[in-house]
Amino acid sequence: MPHRTEDYQTWVKVITALFILSILEEGAAHGNKINEEIKRRTDKMLNPNPNVLYPLLRVMEEKGYIAGSWDNVSTRNKRVYTINDCGKASIPALREKVDQHLCAAEQKLKMIRSSLLARSQEEKE
């Protein structure tokens with residue numbers, strides 16, 4: 001049975017991958033721009049760790065979801081990524097997977113809130 005930390009790390013990667021693909025659907029971007037766009041879209045609630053983001057970009061490139069190229073081959077300053085057909089095709093299934101996971105998390109939070117806070121609400125009334 002997977003360890004909870006492994007589950008959490010897996011979901012961080014899945015959600016980050018979906019953000020990456022969604023951002024690249026709108027146009028090419030380098031890693032820092034992707035990071036900034038995730039922060040912007042989530043009102044800074046998510047701030048991808050570079051130790052997660054850049055290895056994930058490499059894995060996604062190796063698996064053919066995205067393609068990367070250096071903006072300047074001689075300096076290798078920034079690697080610019082674009083989405084491939086395989087990446088585009090994977091978005092609907094990935095969105096469904098993330099949606100199911102988030103719905104389950106919302107249900108758990110609802111139960112916890114109801115169980116822990118219902119009494120305090122009753123006491124206030």
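## Exercises on a predicted model

L109, I112, L116 and L117 make up a nonpolar surface patch whose accessible area comes to about 400 Å² together. Keep in mind that this is a predicted model. Here are four exercises to work through with the structure open.

**Exercise 1.** Find where L117 of the patch sits, and decide whether L117 is buried, partly exposed or exposed.

*Solution.* Start with the secondary structure: L117 belongs to helix α4, residues 85-124. Next, take the relative accessible area, which is 44% for L117. Partly exposed covers values between 20% and 50%, so L117 is partly exposed.

**Exercise 2.** Place L24 in the fold and list its contacts beyond four places in sequence.

*Solution.* First, locate the residue: L24 is in helix α1, residues 4-25. Second, check its cover: the relative accessibility of L24 is 2%, and buried means under 20%, so L24 is buried. Third, set aside the neighbours within four places in sequence; L24 then touches A29, I34, I66, Y81, T82 and I83. Finally, try a distance: L24 and R58 are 34 residues apart in sequence, and their C-alpha atoms are 14 Å apart in space.

**Exercise 3.** Which parts of the chain does the salt bridge between R95 and E25 tie together?

*Solution.* Begin with the geometry: the N to O distance between the side chains of R95 and E25 is 3.8 Å, and the cut-off for a salt bridge is 4 Å. Then look up the elements: R95 is in helix α4 and E25 in helix α1, so the pair ties together parts 70 residues apart in sequence. As for exposure, R95 is partly exposed at 43% relative accessible area, and E25 is partly exposed at 43% as well.

**Exercise 4.** Trace the salt bridges of R41 and R40, and say which residues end up in one network.

*Solution.* Take R41 to begin with: R41 pairs with E26, and their closest N and O atoms are 2.9 Å apart. This pair links distant parts of the chain, with R41 in helix α2 (residues 31-41) and E26 in the loop between α1 and β1, 15 residues apart. R41 is partly exposed at 30%, whereas E26 is exposed at 62%.

Now turn to R40, whose side chain meets that of E37 in a salt bridge of 2.5 Å, N to O. Both R40 and E37 lie in helix α2, three residues or about one turn apart. R40 is exposed at 57%, but E37 is buried at 17%. Shared partners join the salt bridges of E26, E37, R40 and R41 into one network.

Definitions and conventions. Residues are numbered from 1 along each chain as its sequence is written. This is a predicted model: local features need pLDDT of at least 70, side-chain atom pairs count only at pLDDT 80 or more; totals for chains, interfaces and linings use all residues. Side-chain values use heavy atoms; hydrogens and water are left out. Patches are made of residues with over 30% relative accessible area and no salt bridge: like charges are joined within 9 Å, nonpolar side chains (Val, Leu, Ile, Met, Phe, Trp, Tyr) within 5 Å. Accessible areas come from the Shrake-Rupley method with a 1.4 Å probe; for residues, only the protein chains shown count as cover. Helices (H or I, at least four residues) and strands (E, at least two) are DSSP runs, numbered from the N terminus. Buried means under 20% relative accessible area, exposed over 50%, partly exposed in between (1.4 Å probe, protein chains only). Contact means heavy atoms within 4.5 Å.
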